[in-house]
Structure formats: structure tokens, C-alpha cells
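Colleague: I am new to reading models like this one. Could you take me through a close look at the nonpolar core, and show me how that part sits within the whole chain?

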Amino acid sequence: MAFTTSIRTAPSFFEGLVALKNELVERRAKYNVYRTTLNELQYLSGRELADLGMTRGNIKSVAYEAAYGK
């Protein structure tokens, strides 16, 4: 009969820093998508927004959904 043992160690300090850096890069990229989308939609006229099925009131929520998917 064979036994297997799994030993998990806590991530090292360096691995923690790398994970933090990756998370910050991902957050910044999502924020950049949000800001770009928001700026582009704000420059559209009311008629152009209506053609897209949007109003000025929901520009922020559309930009947020585009960046964060919620």
C-alpha cells in the first residue's frame, strides 16, 4: 500500500512581493480601461449615446462594467 503526503509551505517573502506586484499591475490595467471607456463615452453626443442605447446617466456604470465585468 502506498501513501502520499502533501506538504504546503507558506509563500516566501519574494513570492508575496511578486504576487502583490502582479495584483497592482492588474488593478491599474482595469482602471485604465475604465478611464479610457469613460472618457470616450463622455465625448459622444446625446444622439450618439442614444444610438448605442445609453444615456448620460449610465455612462459610469457602462464603463465600470466594461472594466470590471460587474
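Modeller: Let's begin with the overall form: the radius of gyration of the chain is 22 Å, while a compact globule of 70 residues would have one near 11 Å. Keep in mind that this is a predicted model. The C-alpha trace spans about 70 × 30 × 15 Å along its principal axes. The chain has 3 helices and 0 strands, and from the N terminus its elements follow the order α-α-α. Of the 70 residues, 13% are buried.

Now for the core itself. The largest nonpolar core has 8 residues: Tyr34, Leu38, Leu41, Leu49, Met54, Ile59, Ala63 and Ala67. At least two of these residues come from α1 (13-42), and at least two come from α3 (59-68). In soluble globular proteins, nonpolar side chains tend to be buried together. Leu38 is a good residue to zoom in on: setting aside neighbours within four places in sequence, Leu38 is in contact with Ile59, Lys60 and Ala63. Across the chain, 42% of the contacts between residues at least 6 apart in sequence join residues at least 24 apart.

For a contrast with the core, turn to Gly53, in the loop between α2 (46-51) and α3. Gly53 has a relative accessible area of 62%, over the 50% cut-off, so Gly53 counts as exposed. From Gly53 to Pro11 the C-alpha distance is 48 Å, with their places 42 residues apart in sequence.

Finally, the surface: the chain exposes about 6200 Å², and 57% of that comes from carbon and sulfur atoms.

Key. Residues are numbered from 1 along each chain as its sequence is written. This is a predicted model: local features need pLDDT of at least 70, side-chain atom pairs count only at pLDDT 80 or more; totals for chains, interfaces and linings use all residues. Side-chain values use heavy atoms; hydrogens and water are left out. A nonpolar core is a set of buried Ala, Val, Leu, Ile, Met, Phe, Trp, Tyr and Cys residues joined through side-chain atoms within 4.5 Å. Buried means under 20% relative accessible area, exposed over 50%, partly exposed in between (1.4 Å probe, protein chains only). Helices (H or I, at least four residues) and strands (E, at least two) are DSSP runs, numbered from the N terminus. Contact means heavy atoms within 4.5 Å. The radius of gyration is taken over C-alpha atoms; the globule rule is 2.2 Å times the number of residues to the power 0.38. Accessible areas come from the Shrake-Rupley method with a 1.4 Å probe; for residues, only the protein chains shown count as cover.
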